[in-house]
Amino acid sequence: MVDWTAGSIKDDNSALDIKLIDLSTVHYLSGPIRILDEDGIPAKPGDLVAVEICNLGPLPGDEWGYTAIFDRENGGGFLTDHFPCASKAIWYFEGIYAYSPQIPGVRFPGLTHPGIIGTAPSMELLNIWNERERDVQTNGLQSYKLCEVLHSRPLANLPSPQGCHLGKIKRDTPEWERIAREAARTIPGRENGGNCDIKNLSRGSKIYLPVFVEGANLSTGDMHFSQGDGEVSFCGAIEMSGFLELKCEIIRGGMKEYLTPMGPTPLHVNPIFEIGPVEPRFSEWLVFEGISVDESGRQHFLDASVAYKRAVLNAIDYLSKFGYSKEQMYLLLSCCPCEGRISGIVDAPNAVATLAIPTAIFDQDIRPKTNKAPLGPRLVRKPDVFKCTYDGNLPITRNPSAT
């Protein structure tokens, strides 16, 4: 399967393709796949489909990928108010390892996985999605205080004919127009699974997905060679073209048996994931903490998103002391096998989030030492990531205490 942009992003020395990408077209997926049992009977609403990942990897002959930062006014990302410029790093694969000429001195094993895997919603569930996401887009800026700290826009991506791909449905027909105006975009994860971007879903993993329509209509795509927890730069994994081998089994009546609805209808359920036995092994980590106090010093109540933003910013600022630009470290923390945690969520008023970085991925010792990090003129890691200018007028958040 192709990468999620169907080849729009190139292995070249420019980030202009990232800056100008048309995000009205979201993910190119493989599917829908109709799931049948051994007797040829399709999965039914209320069943579970157990999907095992048997094998996966880069497409042979296409062993490269990219990590990027979208322009603030065309996609943005978790830290878009700090990093508004479109940027890109290219990664090349050597077996299980990845390295980038744009982020020298770093090499790590990838935990390859599909960013998207999910079943199709029923019409009832689709209407629930569209109603609640339309409310977020319409009223969110006024009602959600978190919008003052996290600046990704739009707040939701609503159904639209623009950039819509509907498989074999003939374009510019009444049927195509109707479906395009109600079909959910694939950006967020939802009750059906979808774009959950869980980095540990690699070989040997199993996903238990709820079935909402006959045949389940399984789809998958958005292949990642590696990803850090949170995929913070948004286009933040090592995005690649890849292959995927799956084995499916139907658990009859599994939704009622194993999934408890958390909401007003029986459709408000979530998948269960079984992590496989294959993953990189690291023994030493440097861990950065964040609390739910934003960059202006304002207190937020048990807000894990604000705390994780602080943890990521702390890690970027620290690692930039070792000869890297902050853009290099933002991209690295999006795609390397770092571990994000909600470490505290009950000790009011502060949520505590942590970000653990394996020290072995660097070719230098990044731990604090008594002789301190080098200051003043020093060897800087060059070249930097490919970067465009930011041509918008939105304010950039800066740390008033940063040197």
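Strands, such as the one called β12, are DSSP runs of at least two residues marked E, and they are numbered from the N terminus. With this term in hand, the structure above, which is a predicted model, can be explored through its pockets and its surface.

The largest pocket has a volume of about 1,600 Å³. Its lining is made up of 49 residues, and those nearest the centre are S152, P154, L155, I187 and F234. Two or more lining residues come from each of the elements α2 (123–143), β8 (189–190), β11 (218–224), β12 (234–239) and α5 (304–319). Among the contributors, β12 gives the most, with three residues. In chemical character, the lining of the largest pocket consists of 22 nonpolar, 17 polar and ten charged residues.

The second largest pocket has a volume of about 1,300 Å³. Around this pocket stand 40 lining residues, with H165, L166, A183, A184 and S219 nearest its centre. At least two residues of the lining are supplied by each of β1 (29–33), β7 (113–118) and α2. The largest share, four residues, belongs to β1. The lining of the second largest pocket divides into 19 nonpolar, 17 polar and four charged residues.

Attention may now turn to the surface. There, I342, I345 and V346 form a nonpolar patch, and together they have about 310 Å² of accessible area. V346 lies in the loop that joins β16 (339–344) and β17 (352–358). Is V346 buried or exposed? V346 counts as exposed because its relative accessibility is 65%, and the exposed class begins over 50%.

Technical notes:
Residues are numbered from 1 along each chain as its sequence is written. This is a predicted model: local features need pLDDT of at least 70, side-chain atom pairs count only at pLDDT 80 or more; totals for chains, interfaces and linings use all residues. Side-chain values use heavy atoms; hydrogens and water are left out. Patches are made of residues with over 30% relative accessible area and no salt bridge: like charges are joined within 9 Å, nonpolar side chains (Val, Leu, Ile, Met, Phe, Trp, Tyr) within 5 Å. Accessible areas come from the Shrake-Rupley method with a 1.4 Å probe; for residues, only the protein chains shown count as cover. A salt bridge is a side-chain nitrogen of Lys or Arg within 4 Å of a carboxyl oxygen of Asp or Glu. Buried means under 20% relative accessible area, exposed over 50%, partly exposed in between (1.4 Å probe, protein chains only). On a 1 Å grid over the protein atoms alone, a cavity is a set of points where a 1.4 Å probe fits but cannot get out, and a pocket is an open set with protein on both sides within 12 Å along at least five of seven lines; lining residues have an atom within 4 Å of a point. Grid points are joined across faces, edges and corners, and a volume is the space filled by probe spheres set on the points. Ala, Val, Leu, Ile, Met, Phe, Trp, Tyr, Cys and Pro count as nonpolar, Asp, Glu, Lys and Arg as charged, and the others, Gly among them, as polar.
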